[in-house]
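Here is a short report for a first look at this model. Have the sequence and the 3D view open as you read.

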Amino acid sequence: MKRPLLLAILGVTCWVLVAGWSFGKKETPVQERFEATMNPPLSANSRLTVAIREFSSDQEVQEFAQTFAQGGERGLEKAFDKTKKGEFRIGNEASMPLMMITSSAEGSVRKLSLLGKAPTIYVEGFGGSMSTGHRGYPYTFIQLEVDEKGNGSGMLILYVNLTFDPQGRMSLKPMERQTFRLVNVHKQ
């Protein structure tokens, strides 16, 4: 009788500790949020939503390049699994994490480059739904060009493979026919 009761108390105690630790983690608040319309539309709902929580420093980007040089795609994937700078959502699909977000200015235009995990999208057609896969192209690349009010345009490459050259510069290889123009980009 004592042993089952002791095990139950121990189990509840462990659950409370783990739950407290999990729920106690604070997520960085959203700094900026953008919405855009994908053209051509991917599905019935062509809205793209981006939430930026944190920007990547130049040092972080160089560390990703070094990680790629040492560990290849697997090493880079492991490093990306440890970072979350925001999230994006296409239509009503699940939110996907953004692992790298950079910002630069060219005159009065601000250019945001965002790299996230590629989603599995289900599109309707031919009497059913079909998954658009991403084998070998595990990332999504989003580029926004906005003015000082946060309005502008951009592009989205749904499935892209990322590598770094020996000088540490990013190289993106898109999957065929997976590039979308972003129109009506605006800051929320």
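Two strands pair if DSSP finds at least two bridges between them. Keep in mind that this is a predicted model.

**Strand β9 and its partners**

By that rule, β9 and β11 pair: five bridges join them in the antiparallel sense. I157 stands opposite T179 in β11. β9 also pairs with strand β10 (residues 170-174), antiparallel, over five bridges. There, T163 has S171 of β10 as its bridge partner. Strand β8 (residues 139-146) is joined to β9 (residues 152-164) by seven bridges, and the two run antiparallel. I142 faces L156 of β9 across that pairing.

**Two hairpins**

β8 and β9 form a hairpin with five residues between the strands. β9 and β10 form a hairpin too, with five residues between them. Each has a glycine with a positive phi, listed here beside one residue that is not a glycine.

| Residue | Place | Phi |
|---|---|---|
| G150 | hairpin of β8 and β9 | near 90 degrees |
| G168 | turn of the β9 and β10 hairpin | about 85 degrees |
| N184 | strand β11 (residues 179-187) | about 55 degrees |

N184 has its positive phi although it is not a glycine. Is N184 buried or exposed? Its relative accessible area is 54%, so N184 counts as exposed, the cut-off being over 50%.

**S113 in β5**

S113 lies in strand β5 (residues 109-117). At 15% relative accessibility, S113 is buried, because buried means under 20%. Which residues does S113 touch, leaving aside those up to four places away in sequence? They are M100, I101, T102, F141, I142 and Q143. With Q143 there is also a polar contact: the two side chains meet at 3.4 Å. I142, one of the residues touched by S113, is the residue that stands opposite L156 in β9.

A general point helps when viewing strands. In a regular strand the side chains alternate between the two faces of the sheet.

**Two loop residues**

P40 sits in the loop between β1 (32-39) and β2 (47-52). The peptide bond from N39 to P40 is cis, with omega near 0 degrees.

E93 is in the loop between β3 (86-90) and β4 (96-106). Its relative accessible area is 23%, so E93 is partly exposed. In sequence, E93 and P119 are 26 residues apart. In space, their C-alpha atoms are 8.2 Å apart.

Definitions and conventions:
Residues numbered from 1 in each chain as written. Predicted model: local features only at pLDDT ≥ 70, side-chain atom pairs only at ≥ 80, totals over all residues. Heavy atoms only, no water. Helix = DSSP H or I, 4+ residues; strand = E, 2+ residues; numbered from the N terminus. Buried < 20%, exposed > 50% of the residue type's maximum accessible area, 1.4 Å probe, protein only. Polar contact = N/O pair within 3.5 Å; in protein donor to acceptor, adjacent residues only side chain to side chain. Contact = heavy atoms within 4.5 Å.
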